[in-house]
Amino acid sequence: MRFWRWVADHWVLVVGLLVLAYLFLPIVVVLLLSLNRPANRLSYDLTPQWTFDYWLHPFGAAGIGDALRVSVGIALVATVVATVLGTLMAFALARHRFRGRGVTNVVIFLPMATPEVVMGSSLLALFVTMRVPLGFWTVAVAHILFCLSFVVVTVKARLATLDPRLQEAAMDLYANEWQTFRKITLPLVLPGIAAAAMLSLSLSFDDFIITNFNSGTTVTFPMYVWGAAQRGIPRQVNVIGTAVFLLAFVLVIIVQLRGRRKARFV
Amino acid sequence: MADDLVLENVTKRFGSVTAVDDLSVTVPQGSFFALLGASGCGKTTTLRMVAGLEELTSGTIRLGDKNITDLRPYRRPVNTVFQSYALFPHLNIEDNIAFGLRQRGIKNTAKKVAEMLELVQLPGFAKRKPMQLSGGQQQRIALARALVNEPQVLLLDEPLGALDLKLRRQMQIELKRIQTEVGITFLHVTHDQEEAMWMADTVAVMNDGHIEQLGAPTDIYEFPSSPFVSNFLGQSNLFAAEVSGKDGDDLLLTAHGERFAAPAGRAHATEGRVWLGVRPEKVRLALPGEETPAAHNQVRGVLTDTCYAGVSTEYLLKTPWGQEMSVFSANAAAGEPLSPGTEVVAHWYAPHSFVLDRPAGSGDEMTQYSADPLGVAP
Amino acid sequence: MEWSLRNVPAPRSVRGGAVTAIVHAGPSTAELPPPVVSRRRKWIPYLLLLPGGLWLLLFFVVPSIQLAGTSLYDRSGSLELGYSQTFAVGNYVDAIATYWPHLLRSAVYAGIATIICLVLGYPLAYAIAQKAGRWRNLMLVCVIAPFFTTFLVRTLAWKSILSDNGPLVAFFRSLPFFPDDFRLLATPAAVVCGLVYNFLPFMVLPLYASLERLDGRLLEAAGDLYAKPVTTFRRVTLPLSMPGVIAGTLLTFIPAAGDYINAELLGTPNEYMIGNVIDSSFLVRLDYPQAAALSFLLMATILVMVFSYVRAAGTDEVV
């Protein structure tokens, strides 16, 4: 009885936790699928046969290793370029008052409001018209495009919380503009930039629609999965999916813990 | 003197708003100078222009014989203690304090930092982070960070505003002590008139972008030059009056049918329309029938309110012409304060009065409080 | 005149002049707007914007304009033979006439999915923001973490969960009201379910950001003023979290409306959305003018909805 009382009092928390469980349900299923031997290639059901085979040979399926390499490569390129360009733009928008600021804000918001089909198809049209061969670099260009907006928004939000008096104090203490940026502003904005970079990485790695439009014959990991969905998904896909999830999850937890320890003194 | 801070015709406009209006002032080297005023009067803007954090619309700022008007903040031998302290959160205390030194290329900062920490009475705090410190401690570190650079002028932007009362008093004493010990010019901006008068050698009262009055605390308190100053620093009773004659060194004044006297040396205007002013603490109360001393101005009235505050009692009385007058009476002797409704005679030693100019159009209304005069026989 | 300021503290009386009150009030907040760094060098912001701005211009603005142009081409052309610009507004009419069911379906599915996301996401965001305490960061990570298993892999997992042979369908079939051949896969329900699942974090995160800034003391004040929890929510929490609700709704509805993967993997051609049509128009049927018209239509509809929604809800800056 007391349990139900607690639930009634904390029903918001309970609902929240249930939703969280709902978010994790498919992940658990992915994990289970990766350990399970299917009845046939096209089946998505779980059988009573469990095995570690797929974890032991994660790249056993043809082409999966290449697809993964391509995805990671594109993600890295896109992240680096988008983070740099986006950070510069965020600084311009957050710190300066200039003509055309409103327009710039709208132009940056638009890619986030555009459905991926539209962006993918319009980029495809551009590449075709300019007779640029489709492949790794066209995909990278596309990824940089949609990551850019997210980077700007993230870094801008972080910049907004920065006390402008800190920069004034630095200049008052004999640091010129460049030194102030290097020693005061940049270290304090870095968490925002790091968050933006991580966001870019996951958005790029995960993207399918825009990639599909612009990749020509190049195959990324999501495209591999899509193609395999017609022919029968090799369970290694689930292994990779789970592995990437675990890796990222652990990474984020580590960063959080480090941040928490530092926060006691910052 | 050699390194006075001189502002000449300094003006600052933000669009159509004039924050600082043709301000000219000299801050003597080594003095503790306070810029006092209410919010929006332009005092912080003035400070920031001296620091180099705002550009002037027009005018010049000189430090000694060096024109610093166009210099960037990092080229001026001037340091600021910010209202919000602005300590760098990602650096520890030692790196915060040593920041300015290192920027100027000084390598061995440990000794100077330790000396500064001693000065502000926080030894051993070098390795802590700003977030770990209390408000008062952060304020002292901000001070140390600025002072360690031995600037020619130290600017303080309402540094004590966020501290609680007891701590504020303590810091006021500390700052005064440090300034006397170190001998640097302090330019202190505040809205707290008490703080300004306690700490500063010279106080400049600012209003609406310009300085209304400048002088030593006692001078400007005892002899304000305008109604604004008379009510911004402490309180004053101001009576609308006219000069009706002279008697040797004294001015004879008429206000609301009553006759008063004040020394000509305590008057900013000696003819025509004037304000007759007296500070509430200078006024004594006598009961009708008691003898009032000679050379005292007096006003009859009826007490409307009594506020007992332990150290003193504030009385409000209504004059025959309906004006409210306040009297502060130190509770020097034990006994009950007078109760409302008592008829009294307020009197003060005539030389405690001051006389201000009263332009046309002001003070012509009877009173700001209520319109019905009491029926007290003059 | 023996009198010294230091001996007699100035009496702090409550009445006797508003000026005294001003003088003893709390510290004045900053009189001026926050400073702008290096205001002298006016060209710095333009320099900072240049690389990113060029990128956006070249790869977003230009293609969008080109898309608009393509949508007006004569449909009888082809890539080899070339297209002629005929300002064929008729393309749009044709597109709507042929594919209005898909447009409608996209709007409906995305709309339902958004509403469900809101209903599910709000309690979660609220729980994280106000009730989680030191578990807050962990819970946030748990919201974002599923992202890392790639969109497609996650959606395929739903194929397992909703499978005809799976426990969930078996459970429903065992209930009295459901027929024995009840299916979840290849139904609109599955598509909506997939949409909800995939875009839930997009709803939760902006909501969380908005709710996190909510001062708990406001809720206490409401309670102190006799408001029941429901009233407090309706009149304090909800209005104050409106920016988050708007941002979350937009960030959920827009990609959901353009999505086609959920429809393809979890549904049948009966459930295909406008995204499926655009995809096949571009990549299979190579009918570029029509595909462009459809894209533009989708884009324009969304923009109109975004701006009118934002205007109606009263926030001026969406990001």
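**Exercise 1. Determine which residues V205(B) touches, leaving out residues up to four places away in sequence.**

Solution. Two residues are in contact if their C-beta atoms, placed from the backbone, lie within 7 Å. By this criterion V205(B) touches L36(B) and G37(B). Its further partners are I211(B), E212(B), Q213(B), I220(B), V229(B), F232(B) and L233(B).

The model is predicted: local features need pLDDT of at least 70, side-chain atom pairs count only at pLDDT 80 or more, and totals for chains, interfaces and linings use all residues. Residues are numbered from 1 along each chain as its sequence is written, with chains lettered from A and ligands numbered from 1 in the order in which they are written.

**Exercise 2. Place V205(B) in the largest nonpolar core, and state which helix gives the most to this core.**

Solution. A residue is buried if 20 or more other C-beta atoms lie within 10 Å of its own, exposed if 12 or fewer, and partly exposed in between. A nonpolar core is a set of buried Ala, Val, Leu, Ile, Met, Phe, Trp, Tyr and Cys residues joined through C-beta atoms within 7 Å. The largest core holds 229 residues, and those touching the most other members are L148(A), V50(B), L155(B), L187(B), V205(B), A125(C) and L294(C). Helix 7 (residues 188-212) of chain C gives the most to this core, with 16 residues; helices (H or I, at least four residues) and strands (E, at least two) are DSSP runs, numbered from the N terminus. A second, separate core has 16 residues, including F239(B), F260(B), A267(B) and F354(B).

**Exercise 3. Describe the overall build of chain B.**

Solution. First, the secondary structure: chain B has eight helices and 20 strands. Next, the extent: along the principal axes, the C-alpha trace of chain B spans about 80 × 50 × 35 Å. Of the 378 residues in chain B, 43% are buried. Among contacts in chain B with a separation of 6 or more, 66% join residues 24 or more positions apart. Finally, an automatic or database domain assignment gives domain 1 (5-222) and domain 2 (235-357) of chain B. The C-alpha centres of these two domains lie 40 Å apart.

**Exercise 4. Describe the sides that chain B and chain C turn to chain A.**

Solution. The contact between chains A and B takes 17 residues from chain A and 19 residues from chain B. On the side of chain B, strand 6 (78-81) and helix 2 (93-103) are the elements that give two or more residues. Helix 2 of chain B gives the most, with three residues. By class, this side divides into 10 nonpolar (Ala, Val, Leu, Ile, Met, Phe, Trp, Tyr, Cys and Pro), two charged (Asp, Glu, Lys and Arg) and seven polar residues (the others, Gly among them).

The contact between chains A and C takes 77 residues from chain A and 76 residues from chain C. Helix 2 (residues 44-70) of chain C gives the most to its side, with 18 residues. That side has 57 nonpolar, 15 polar and four charged residues.

**Exercise 5. Is N9(B) buried or exposed, and where is this residue found?**

Solution. N9(B) is found in strand 1 (residues 5-14) of chain B. N9(B) counts as exposed because 12 C-beta neighbours lie inside 10 Å. Phi of N9(B) is near 50°, a positive value in a residue other than glycine. Most residues other than glycine have a negative phi.
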